Amino acid sequence: MSEEALAGVPLVHISPEGIFKYVMINVIDGGDASKAVIRGFADCTWHADIFEREEEVFKKLGLRAECPGGGRIEHNPDKKYLKVYGYSQGFGKADHAQTKRILATKYPDYTIEISDEGY
């Protein structure tokens, strides 16, 4: 079941607009299968808040979660623009290039920029 649950986990779930923190989460089934997903919510103050919220969702599906890093996302749907930058003080900096590739699966018609500048 956890393999099917893993397949059903969306790659991207972020706030519809604004500037907010995000985390990359490696979601792992009971075996060797895993996938990286992006989560970012404007209503979460800390990167850990995002991770803890999503970790509970994954636990209910029988999946484990690990957070290799985070940062910030600027999302402007009117301009079809995403900017990925910064880092998480608690988890470190996510691989922004990988984050961009994952975001592009949901937002293929967006301009997506990445930067190592800023917090």
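This is a short exchange about a predicted model, starting from H47 and moving on to strand 5.

Biologist: Why is H47 called buried?

Modeller: Its relative accessibility is 5%. Buried means under 20%, so H47 qualifies. H47 sits in helix 2, residues 47–60. UniProt, in an unreviewed entry, places the feature "active site" there.

Biologist: What makes K21 a contact of H47?

Modeller: The cut-off is heavy atoms within 4.5 Å. H47 meets K21 on that test, and also Y22, V23, G70, G71, Y87, S88 and F91. Neighbours of H47 within four places in sequence are left aside.

Biologist: Is K21 buried or exposed?

Modeller: K21 has a relative accessible area of 8%. The limit is under 20%, therefore K21 is buried. K21 lies in strand 2, residues 18–28. An unreviewed UniProt entry covers K21 with the annotation "binding site".

Biologist: What does the side chain of K21 reach?

Modeller: The backbone oxygen of T45, at 3.0 Å. A polar contact needs N or O atoms within 3.5 Å, and 3.0 Å meets that distance.

Biologist: Why is strand 5 called largely enclosed?

Modeller: Strand 5 spans residues 81–85, and four of its five residues are buried, so the rest of the structure largely encloses it.

Biologist: How do you know that strand 5 pairs with strand 4 and strand 6?

Modeller: Pairing takes at least two bridges. Strand 4 and strand 5 have five, in the antiparallel sense. Here R72 stands opposite Y85. Strand 5 and strand 6 have four, in the parallel sense. There K83 stands opposite E113. The chain goes from strand 5 through helix 3 to strand 6 in a right-handed β-α-β crossover.

Methods:
Residues are numbered from 1 along each chain as its sequence is written. This is a predicted model: local features need pLDDT of at least 70, side-chain atom pairs count only at pLDDT 80 or more; totals for chains, interfaces and linings use all residues. Side-chain values use heavy atoms; hydrogens and water are left out. UniProt positions are given in the numbering used here, feature names are shortened, and annotations may be inferred rather than shown by experiment. Helices (H or I, at least four residues) and strands (E, at least two) are DSSP runs, numbered from the N terminus. Buried means under 20% relative accessible area, exposed over 50%, partly exposed in between (1.4 Å probe, protein chains only). A polar contact is a pair of N or O atoms within 3.5 Å; within protein, one must be able to donate a hydrogen and the other to accept it, and residues adjacent in sequence count only if both atoms are side-chain atoms. A crossover is right-handed if, with the strands pointing away from the viewer, the path from the first strand over the helix to the second runs clockwise.
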